[in-house]
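Work through the two exercises below with the sequence and the model open beside you, and try each task before reading its solution.

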Amino acid sequence: MSNNNLPEPDTPAASLRGATRLEHDLIGNLEIPDAAYYGIQTYRAIQNFRLSDIVLSDYPALVKALAVVKHAAADANHALGGLEPKRHEAIVHACERIAAGEFIDQFPVDMIQGGAGTSTNMNMNEVVANVGLEYLGHAKGEYAYLHPNNDVNMSQSTNDAYPTAIRLGLLMDQQTLVDSLDRLIQALAAKGAEMAGVVKMGRTQLQDAVPMTLGQEFQAFASTLSDDARYLREDAPKLLHEVNLGGTAIGTGINAHPDYSRLAVDRLAAISGHPMRLAPDLIAATSDMGSFVMLSSAFKRLAVRLSKICNDLRLLASGPRTGIQEINLPARQPGSSIMPGKVNPVIPEAVNQVAFTVMGNDLAINMASEAGQLQLNVMEPLVVFKLFESSRLLARAIDMLRELCIEGITANEAHCRHLVEHSIGLVTALNPLIGYENSTRIAAQALATGRGVVELIREEKLLDDATLEKVLSPESMLRPGVAAV
């Protein structure tokens, strides 16, 4: 494609065909659709990076966060005398509108991009400039009155503005995931309370163990996830509060006023409502991805736990005639094109696949974080893409699991009781009374003959009926304690 041609029909800007304006950069001139608020550097990125089909506008929190960063930078530059009042006013006007959700569709750059995020930063600089130009009464592209680099990007580099926005965007996005997780935990706990009286057989290594209740099982699911919710709510945000804004290109602060960093970060905290603070070593903070690695690990841990819970749900609902069948999952769709009447556990299956994706994203983030060289990590766009993707997938999967599965689960109480009463696992309670050897022998006989544990103990007169009734009552084995003869 020639640099002076419009994009092919499959590019995001194709829908903006019509009047154009001429813009210029280091490489040359380009005709830009006049309806577009982005400019020539964004346009080149659209042409260059056609990879994931996931673009900046698909993650509004990131776009809004970068607008807040530009707002804070403009305030600091104005306070220090570097940005004259009208230009400051225009930039703030544009940033506030973008942060409020306007112009999100004007961010069409692919999330995976070369240049360490420069295309993302320039996409924002150009949109802010052109929205600001209209506010000042000028046409888009009249950058003599408000320039994307000279004014909007004043005292900044992609290398400090972009990672700062990533951190703020993740903080803004995190609440959605935490809220979804809290609702799932509440649903699991409610299901635990509902099934508190349903006695069933616990299992280890897929073999009969000792009795418990379905309520205890579901409460354990809730407790497991509560740990992740607490971490994401209380600890994970602390990983993201420290920023390198003001470090500019590599952390030395070149081209920025000595007081700029402090002022810009103070304004960032005030505008965003998050306790952002300046990193103590801006050179280290510019290249280090450690906080992202730790956040990704938290997402992976949550994914692992969700997947394990979904595995359990699928096992407990297996059947309907040849499986465990202790619970019933809501029927959501016919399960086979060839087997009539088959209904599959599609919701837990889908959550499993989301979990696998998040685990894969964690590996990609680790590799991209390790791939940084010297004073910058150029793989940061992949890190941010996968972090936002993991957060979104987890939130959606959690909502789906709660709404379409957990809330509609029912117990097969009579079947659960039958399995308990015919399980050799009941013999565990006899260890303190008749010894391990006798207990093992009774269990082996029951397994070999198909006879019941109680029947065999009575036959051998090892314990009287009153003691048997007390010790082998399933309810007596649901809590700590040893029955006495």
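A disulfide is taken here as a pair of cysteine sulfur atoms within 2.5 Å, and the model to which this cut-off is applied is a predicted one.

**Exercise 1.** Determine how many disulfides the whole structure holds, and explain why Cys 416 is or is not bonded to the closest cysteine.

*Solution.* Begin with Cys 416, whose sulfur has its closest cysteine sulfur in Cys 405, 16 Å away, and because this is too far for a bond, the two are not joined. A search of the whole structure then gives the total, which is zero disulfides. Cys 310 fits this result, since it is in no disulfide and the nearest cysteine sulfur, again that of Cys 405, lies 7.0 Å away. As for surroundings, Cys 310 counts as buried because its relative accessibility is 0%, and Cys 416, also at 0%, counts as buried for that reason.

**Exercise 2.** Describe how helix H6 and helix H10 pack, giving their angle and the distance between their axes, and state which residues meet.

*Solution.* First locate the helices: H6 covers residues 158–194 and H10 covers residues 290–316. Their axes are 13 Å apart and form an angle of about 20 degrees; angles under 35 degrees count as roughly parallel, and therefore H6 and H10 are roughly parallel to each other. The crossing of these two helices is left-handed. Next, list the contact: from H6 come Ile 166, Arg 167, Leu 170, Gln 174, Leu 177, Leu 181 and Leu 184, which meet Ser 291, Phe 292, Leu 295, Phe 299, Leu 302 and Leu 306 of H10. Sorted by character, the residues of this contact comprise ten nonpolar, two polar and one charged.

Methods:
Residues are numbered from 1 along each chain as its sequence is written. This is a predicted model: local features need pLDDT of at least 70, side-chain atom pairs count only at pLDDT 80 or more; totals for chains, interfaces and linings use all residues. Side-chain values use heavy atoms; hydrogens and water are left out. Buried means under 20% relative accessible area, exposed over 50%, partly exposed in between (1.4 Å probe, protein chains only). Axes are lines fitted to C-alpha atoms, for helices over the stretch in contact, and angles run from 0 to 180 degrees between N-to-C directions. Helices (H or I, at least four residues) and strands (E, at least two) are DSSP runs, numbered from the N terminus. Angles under 35 degrees count as roughly parallel, over 145 as roughly antiparallel, 65 to 115 as roughly perpendicular and the rest as oblique. A crossing is left-handed if the near helix is turned anticlockwise from the far one by less than a right angle, and right-handed if clockwise. Contact means heavy atoms within 4.5 Å. Ala, Val, Leu, Ile, Met, Phe, Trp, Tyr, Cys and Pro count as nonpolar, Asp, Glu, Lys and Arg as charged, and the others, Gly among them, as polar.
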